[in-house]
Each structure stands twice: as C-alpha cells, then as structure tokens.
Amino acid sequence: MNHSPFSTPDSRPPIHVVAGVLSDARGRILLARREGERELAGLWEFPGGKVEKGEIAREALARELAEEIGVEVEPAAMRPLIAVPHRMASGKRIVLDVHRIARFKGRARGLESQALAWVQPERLADYSMPGADRPVVAALREPEFCVVTSSRNAAGEALFTQLEQALAGDARRVIVRGPVRELESVADALASLAVRLGASILFESDALGLDAAMVLARRPGLGAHLAAGDLDRVAASPAAGGLLLSATGDSALALARAQEAGVGFALVELSTPRDARHEAASRLARFAALRESVTIPLYLAAGQADDLQAARAHGAQGLVVPLPG
Ligand SMILES: Nc1nc2c([nH]c(=O)n2[C@@H]2O[C@H](COP(=O)(O)OP(=O)(O)OP(=O)(O)O)[C@@H](O)[C@H]2O)c(=O)[nH]1
C-alpha cells in the first residue's frame with residue numbers, strides 16, 4: 001500500500017466491491033449467506049466480492065460468480081443497477097457496485113460452502129442483509145422517479161386531474177407539496193387510485209400540520225412527507241410504525257435524522273456550488289459522500305443529475321421530477 005502514514009481511513013479510496021443480481025425463470029433473486037467468522041457473517045448478500053488490482057468491474061464480477069457459485073457470465077450480460085457508496089459500522093468504506101445479470105450458464109451452487117436462497121423480490125425484506133444492500137433492494141423494487149408538485153401546478157379539482165393523469169402514466173411515487181383545497185373530498189379518491197395502480201401519494205406535513213398528515217398517511221396508498229421540524233416527534237411516536245413517510249435533506253445530519261425517524265425514502269436537495277464549471281460532477285460527488293452515511297433510498301432533486309444512470313452510479317434510487325403542469 002502506498003498510503004501516507006498520516007492518512008486517515010477517510011482519505012483512502014473506498015474498496016470497490018462488485019455483486020450480481022441473478023434471477024431464475026420464476027423471477028426469484030439469488031442471495032448467498034456470508035459464512036464463517038467474517039465481518040457481517042450470517043447476513044445474506046448478493047454474490048460477488050472485491051475487485052482485484054488490474055481488474056475492471058465486469059471481469060471481477062465474472063470471476064467472483066465463477067469462483068463462488070460456479071456460473072459463467074459474459075460481461076455483455078451485465079447491466080449496471082446501482083453503485084452504493086457506504087461506510088460500515090467499522091469505518092470501512094466500500095462502493096457496492098451491483099449489476100443485473102441478464103443471462104448465465106450453469107446451475108448456481110455454493111462452492112465455498114455458503115448457503116444459497118432463491119427469493120421472490122417481495123420477500124427480500126425477510127432476509128437480514130448488510131446496510132449497503134438496502135439501497136440495492138430498493139433499486140430492484142421501488143420507483144426510479146419521485147414526482148413532486150409545486151405552486152406551478154393547479155389547485156383543487158384541477159390538481160386532482162393532473163395527479164390522475166400522472167398516475168395513469170408511469171408516476172408511482174408522488175409528493176403533493178403545499179396546501180390542498182378540499183383535501184378531504186379528494187383524499188379518498190386519490191387513495192383508491194394509488195392502491196389500484198400500486199402507487200403512493202404523500203402529503204406535506206408542513207402544509208397540513210403533522211397530526212392531519214399522519215392521519216391521512218394511515219390510509220393505504222397515502223403517506224406523509226415530513227418537515228425537518230417534525231422528524232423528532234415522529235421518531236418518538238409508535239403510531240408512525242408501518243406508515244409510508246419521507247423527508248428532504250441536504251446534509252448528512254439531516255438525512256441521519258430522517259432515517260432515525262423511520263422514513264422510507266428521502267429527497268436530497270443540494271445547494272448550488274459557487275464554482276459552476278464542474279457543477280454536475282461536483283454535485284454528484286457531494287451526493288455520493290452523503291449517500292455513504294445513510295441507507296435509506298435517496299432521490300436527487302431535479303437538475304442535480306443529468307440522468308438517471310449518473311444518479312444510480314452514485315447510489316441514488318432515482319430522480320425527483322416535477323409534476324407536469
Ligand atoms: N459480495 C457482496 N459483498 C457485500 C454486499 N454487501 C456488502 O456490504 N458487502 C461487503 O463488501 C465486501 C465484499 O468483499 P469480500 O466478500 O471479498 O469480503 P471479505 O470480508 O470476505 O474480505 P476478505 O476476502 O478480505 O476476507 C465485504 O465487506 C462485504 O460485507 C453484497 O451484497 N455482496
């Protein structure tokens with residue numbers, strides 16, 4: 001190693017770990033259990049391992065899958081899913097770089113005596129996995145876009161129509177910002193629409209008041225987007241368990257508080273850096289640094305990443321997009 005003796009663990013590049021998502025004909029996903037006395041032993045993970053010196057990610061993944069589970073995978077059959085920068089409890093930093101495996105040859109078996117399990121995507125939550133895997137499971141199961149309304153959108157009945165249109169398209173996660181007129185009369189209709197389409201609509205606690213937002217969030221299909229000032233109250237409230245909650249954060253501290261309060265996901269809005277020349281790249285690097293400190297799925301606010309792929313490559317669940325007016 002050529003690290004300076006004065007370098008802290010933080011100044012070293014993170015360890016690059018590759019892992020693969022293999023599916024069978026029934027859509028089940030392969031997990032392998034970490035055996036032995038190692039860090040995180042007993043937890044389930046996606047098969048893979050560390051990239052060795054001189055290897056590129058796909059070569060390393062092909063090697064690991066052959067060594068660990070005896071399957072042969074062509075690099076061309078690997079599709080990037082998400083790369084999660086993560087700091088473990090021990091302080092070790094990794095980037096968990098996960099690819100979907102479109103096809104493979106051979107029958108998967110635990111060549112290192114590790115247990116394997118083929119798991120339906122909706123049952124993944126039943127398996128204890130390392131913290132870095134939470135954003136990976138979310139990337140497999142949850143929406144890539146979070147649609148957010150603004151004052152540019154209509155109010156009342158017309159807002160309902162705009163939401164209906166978005167949900168009839170591919171919007172599956174929507175945050176309604178600001179007050180909603182005649183909310184009581186539209187909430188039922190929106191809840192049943194959301195349930196029917198497998199979508200969720202979250203209302204801002206800032207606009208409705210926390211108590212009203214939490215009552216609304218008890219209806220299937222609905223949830224609450226919490227103001228920063230409401231997080232502590234929710235964290236202490238047993239009534240919040242099982243509700244779909246979200247928050248917005250722009251710092252590691254704010255995101256940690258949101259995670260602590262039990263939110264299912266958060267939006268990240270970063271301030272614009274003074275130096276506009278490298279704006280997109282520097283925003284993504286700052287986002288990746290924030291991503292390391294929490295495990296909840298994070299959506300990058302509009303205009304902060306050029307595209308979904310770039311956001312995913314820095315560990316984002318996806319992008320925040322405005323509701324078309
Ligand atoms: N393969 C894999 N590794 C994961 C996942 N999630 C996660 O945190 N990791 C971590 O990424 C690292 C993978 O490297 P490895 O399998 O070569 O790790 P290891 O601790 O056995 O290292 P060693 O070979 O030095 O003993 C481990 O620290 C492992 O806990 C995952 O889903 N798949």
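1. Q162 and N153. In this predicted model, the side chains of Q162 and N153 are joined by a polar contact of 3.3 Å. Q162 sits in helix α3, which spans residues 156-168. Its relative accessibility is 14%, so Q162 counts as buried, the cut-off being under 20%. Beyond its neighbours within four places in sequence, Q162 is in contact with N153, A154, L323, P324 and G325. N153 therefore appears both as the polar partner of Q162 and among the residues that Q162 contacts, with Q162 buried at 14% relative accessibility.

2. S205. A second buried polar residue is S205, which counts as buried because its relative accessibility is 2%. S205 belongs to helix α5, residues 205-208. The side chain of S205 reaches a backbone atom, the nitrogen of A227, at 2.9 Å. Setting aside residues up to four places away in sequence, S205 touches L210, A213, H225, L226, A227 and D230. One of these, L226, is also among the residues that touch the most other members of the largest nonpolar core.

3. The nonpolar core. How many residues make up the largest nonpolar core? There are 30, and M214, L226, L245, V263 and L298 touch the most other members. Helix α6 (residues 210-217) supplies the largest share of this core, with four residues. In soluble globular proteins, nonpolar side chains tend to be buried together. Not counting residues up to four places away in sequence, V263 touches R134, L226, L231, L245, S246, A247, A258 and I296. The list for V263 thus includes L226 and L245, both named above for their contacts within the core, and also R134 and S246.

4. Helix α2. Is helix α2 mostly covered or mostly open? Helix α2, residues 134-141, is mostly covered, with six of its eight residues buried. The buried residues are P135, V136, V137, A138, A139 and L140. Their cover includes strands β1, β2, β5 (78-87) and β6 (93-101), together with helices α9 (279-291) and α10 (308-313). R134, at the start of the 134-141 range, is in contact with V263.

5. The ligand. Which residues are closest to the ligand? They are R34, R38, F46, K50 and D133, out of 17 residues that surround the ligand. A polar side-chain atom of D133 lies 2.4 Å from an oxygen atom of the ligand. For R34, a polar side-chain atom lies 2.9 Å from a ligand oxygen atom. For K92, an N or O atom in the side chain is 3.3 Å from an oxygen atom of the ligand. On its own the ligand has 630 Å² of accessible area, and the protein covers 80% of this.

6. The annotated domain. UniProt, in an unreviewed entry, places the feature "domain: Nudix hydrolase" at residues 13-142. In the model, this span is 16% helix and 32% strand. The C-alpha atoms at the two ends of the span lie 29 Å apart.

7. Positive phi values. Most residues other than glycine have a negative phi. L40 has a phi near 65 degrees, a positive value in a residue other than glycine. L40 is in the loop between β2 and β3 (44-45), and counts as partly exposed because its relative accessible area is 33%. S113 likewise has a positive phi, of about 60 degrees, and is not a glycine. S113 is in the loop between β6 and β7 (116-119). With 66% relative accessibility, S113 counts as exposed, since the cut-off is over 50%.

8. Two other loop residues. S23 lies in the loop between β1 (15-22) and β2 (29-33). Its relative accessibility is 32%, so S23 counts as partly exposed. Leaving out residues up to four places away in sequence, S23 touches R28, I29, F104 and W118. S23 and D307 are 284 residues apart in sequence, and their C-alpha atoms are 26 Å apart in space. E52 is in the loop between β4 (48-50) and α1 (57-69), and is partly exposed because its relative accessibility is 47%. The C-alpha atoms of E52 and H16 are separated by 8.7 Å, with their positions 36 residues apart along the chain.

How values were computed: Residues numbered from 1 in each chain as written. Predicted model: local features only at pLDDT ≥ 70, side-chain atom pairs only at ≥ 80, totals over all residues. Heavy atoms only, no water. Core = buried A, V, L, I, M, F, W, Y, C linked by side-chain atoms within 4.5 Å. Buried < 20%, exposed > 50% of the residue type's maximum accessible area, 1.4 Å probe, protein only. Contact = heavy atoms within 4.5 Å. Near = heavy atom within 4 Å. Polar contact = N/O pair within 3.5 Å; in protein donor to acceptor, adjacent residues only side chain to side chain. Areas by Shrake-Rupley, 256 points an atom, 1.4 Å probe, with all protein chains shown as cover. UniProt positions renumbered as here; feature names shortened; annotations may be inferred.
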